[in-house]
Structures are given as structure tokens and as C-alpha cells.
Amino acid sequence: MNFSPLQKPSKLLALEAITPRLSVGDPLYEKFEIQLKKETTGYYGEKSLDYYFKMVSDQAIRLSDLRLSHSSGYFQIDHLLLFKSFLLIVEVKTFHGNFTYDPQTRKLEKVLEHGGTRRYDCPVTQASIQKKHLQSKLQYWNAPPIPIHTLAVFAEPSATLTLMSPEQDFIYSQQILNRLPELQQFYKQDYYRMQDLKSLAFKLKEHAEKHHVNLVDQFGISRDRIRCGVWCTGCKIDMMNRSKRSWHCPSCGHQDSQAHRKALQEYKHIYGERITNKEAREFLRVESSEVVKRMLINSCKRKEGSYRHTVYYV
Ligand SMILES: [Zn+2]
């Protein structure tokens with residue numbers, strides 16, 4: 001059971017929307033392009049684990065990208081599998097390169113190409129911190145105690161990990177195929193009935209907070225630096241023009257009457273979910289406020305206010 005399928009994180013969506021709209025000469029262009037690659041790799045690395053988790057889908061409930069509060073901030077769990085006999089925290093890393101790990105000192109180091117090493121945050125330690133936070137959360141809710149196990153996973157296929165001594169819980173993704181059945185064998189006693197486990201999963205999901213990244217505010221990017229327009233939904237290299245109730249691409253000739261929907265979603269990832277008719281006219285590059293009004297009414301979740309003060313929520 002997958003209670004919260006992995007979705008693209010807000011930061012990735014924002015970078016996907018903004019980066020192609022910045023000019024190549026913009027001071028942030030290169031930085032965003034690098035970040036975009038990194039976030040994309042991370043997302044697909046985490047997504048690649050779907051395949052391995054499917055084998056326990058009838059025995060475990062799965063929650064992905066779970067951001068929960070603790071006494072002084074937030075903790076984030078990449079994947080949480082809830083079995084009746086134990087909970088499993090999976091911390092995913094999508095690093096590139098060759099790494100060594102010493103389980104005694106919990107030191108994770110990248111072996112650099114031109115000699116030397118660089119130290120990285122230890123995912124085993126990160127997972128154990130998440131475990132402590134999750135334990136206190138469950139205690140606070142008076143949830144029945146249940147063992148919590150942690151697993152750190154290297155999901156980038158090209159990366160290598162050399163262990164200085166045996167460590168069963170820092171593994172490559174394909175090793176999940178062996179490690180999961182071992183853990184199920186080890187944790188034999190059931191602490192929860194399935195229906196109670198489901199309630200716990202719902203509660204965790206209910207308390208999970210969405211993390212909204214606003215790069216425009218964070219980096220102080222003015223509106224004139226972000227190109228307006230509706231990307232062609234066919235070739236994705238040119239902006240479309242609106243005429244005769246549809247969008248037309250001057251480069252490839254593609255037509256799409258609903259292309260503004262995707263552009264409005266991009267607007268949301270860049271500026272936030274609130275949009276006025278004037279802002280939409282500028283962003284979509286459509287002059288008629290009547291035409292834009294129809295588009296907003298059909299594509300937005302709700303609106304507030306009336307007449308000139310109407311605000312739509314994408
Ligand atoms: Zn096109």
C-alpha cells in the first residue's frame with residue numbers, strides 16, 4: 001500500500017519552471033542549472049526504489065518524503081515502510097563517485113579523482129537521528145511501541161561504496177531485495193494490527209507538512225528576469241501564440257487549446273498559488289482580460305474577492 005507516492009519536491013518543480021525562463025547570461029542561470037541536475041538525479045534516484053518496495057506492497061504501508069515537526073524544527077524521512085512488526089526508515093543517497101565508509105567511526109568519504117578525500121554527512125547517522133525524532137513523535141501520540149529499523153541506501157547506479165568493515169544497513173539499492181526479507185525474518189512479533197497500522201499511517205500523513213520553496217523570494221529575483229509566455233507543449237523550445245481559441249507554436253506548428261494550464265502550474269511553482277487577472281495576462285502574454293478570466297475560472301481551484309480585486313488560486 002502506497003499512502004503517499006513520491007512526488008516531485010517543490011524545489012525541483014521551482015527549478016524546472018524558472019531555469020529555462022532565465023536568460024543564459026543571468027547571474028543565477030548556471031547555479032540553477034547545476035541545482036536542477038542535482039535535484040533531478042535525487043528525485044529519480046529515490047523513485048528508482050519503487051521497484052524494490054513493490055515486493056512488500058501487500059505487507060507494508062509506505063509513506064514517502066515525510067516532513068514532520070519536532071520540538072525545535074523539522075525532520076524529513078525519504079521513505080517510511082510500516083510493517084506490523086517494525087517500522088523501516090530508508091534514507092536515500094544519490095551521490096556520484098567512489099566512496100569509502102567506516103562503520104566504526106561513521107565516516108563517509110568520497111575518493112577524489114586527483115587524490116585526497118572529501119567527507120560527506122553520514123546517512124546512517126542521519127537515519128538514526130530521524131529514528132529518535134520518530135520515536136518521540138510516536139511516544140507523544142501514545143502510539144503502541146514498535147521497533148524502528150534504519151537503512152541507508154546508495155541509489156546512484158554508477159557510485160561505488162567500499163565498506164571498511166561489514167555493515168548490513170548501508171547498502172546499494174539492489175541489495176534491498178535481500179535485506180528486506182532478512183529484516184522481516186528478524187522482526188517476527190507483531191506490534192500492530194493492520195487497521196491500527198493504517199490509522200498510524202494516516203496520522204503521520206496528516207501531520208506531514210508540505211515544504212514550499214520560493215526561489216524568487218529566496219534569491220530576490222525580479223519579475224523582469226523571468227521570461228513570460230506559454231511554452232510549446234510539443235517541441236518545448238518556443239513560446240506559443242494565442243489565436244482563434246487555441247495556442248499555436250511558431251516553430252513546430254503544434255496546436256494545443258489547453259497549453260495555458262501547464263503555464264499556470266509553472267507560475268505557481270515560481271511565484272506561488274495566488275494570481276490576479278493582470279498577472280496572468282502578463283505571464284501568458286494574452287491581452288484580453290475576458291479570455292484570461294475564462295482560462296483562470298477553468299484552471300484554478302478557487303477564487304477570492306470580486307471584480308477588480310479577484311484573486312485566483314492555481
Ligand atoms: Zn513547438
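1. Start with where H1 meets H8 in this predicted model. On the H1 side you'll find Leu13, Ala14, Ala17 and Ile18, and they touch Glu266, His269 and Ile270 of H8. By type, the residues of that contact split into five nonpolar, one polar and one charged.

2. Now the geometry of that pair. H1 covers residues 10-18 and H8 covers residues 259-271; their axes come within 8 Å and cross at roughly 115°. Angles of 65 to 115 degrees count as roughly perpendicular, so H1 is roughly perpendicular to H8. The crossing of the two helices is left-handed.

3. Next, the largest nonpolar core, which has 34 residues. Which of them touch the most other members? Those are Leu80, Leu82, Leu88, Ile89 and Val153.

4. Plenty of elements feed this core. Those giving two or more residues include the strands S2 (61-70), S3 (73-82), S4 (87-93), S5 (98-102) and S8 (148-154). The helices H4 (123-140), H5 (176-186) and H6 (194-207) also give two or more residues each. S4 provides the largest share, five residues.

5. Leu88 is worth clicking on. Leaving out residues up to four places away in sequence, Leu88 touches Leu81, Phe83, His149, Leu151 and Leu183.

6. Don't stop at that core, though. There is a second, separate one of 28 residues, and Cys232, Met240, Leu264 and Phe283 are among them.

Terms used. Residues are numbered from 1 along each chain as its sequence is written. This is a predicted model: local features need pLDDT of at least 70, side-chain atom pairs count only at pLDDT 80 or more; totals for chains, interfaces and linings use all residues. Axes are lines fitted to C-alpha atoms, for helices over the stretch in contact, and angles run from 0 to 180 degrees between N-to-C directions. Helices (H or I, at least four residues) and strands (E, at least two) are DSSP runs, numbered from the N terminus. Angles under 35 degrees count as roughly parallel, over 145 as roughly antiparallel, 65 to 115 as roughly perpendicular and the rest as oblique. A crossing is left-handed if the near helix is turned anticlockwise from the far one by less than a right angle, and right-handed if clockwise. Two residues are in contact if their C-beta atoms, placed from the backbone, lie within 7 Å. Ala, Val, Leu, Ile, Met, Phe, Trp, Tyr, Cys and Pro count as nonpolar, Asp, Glu, Lys and Arg as charged, and the others, Gly among them, as polar. A nonpolar core is a set of buried Ala, Val, Leu, Ile, Met, Phe, Trp, Tyr and Cys residues joined through C-beta atoms within 7 Å. A residue is buried if 20 or more other C-beta atoms lie within 10 Å of its own, exposed if 12 or fewer, and partly exposed in between; C-beta atoms are placed from the backbone.
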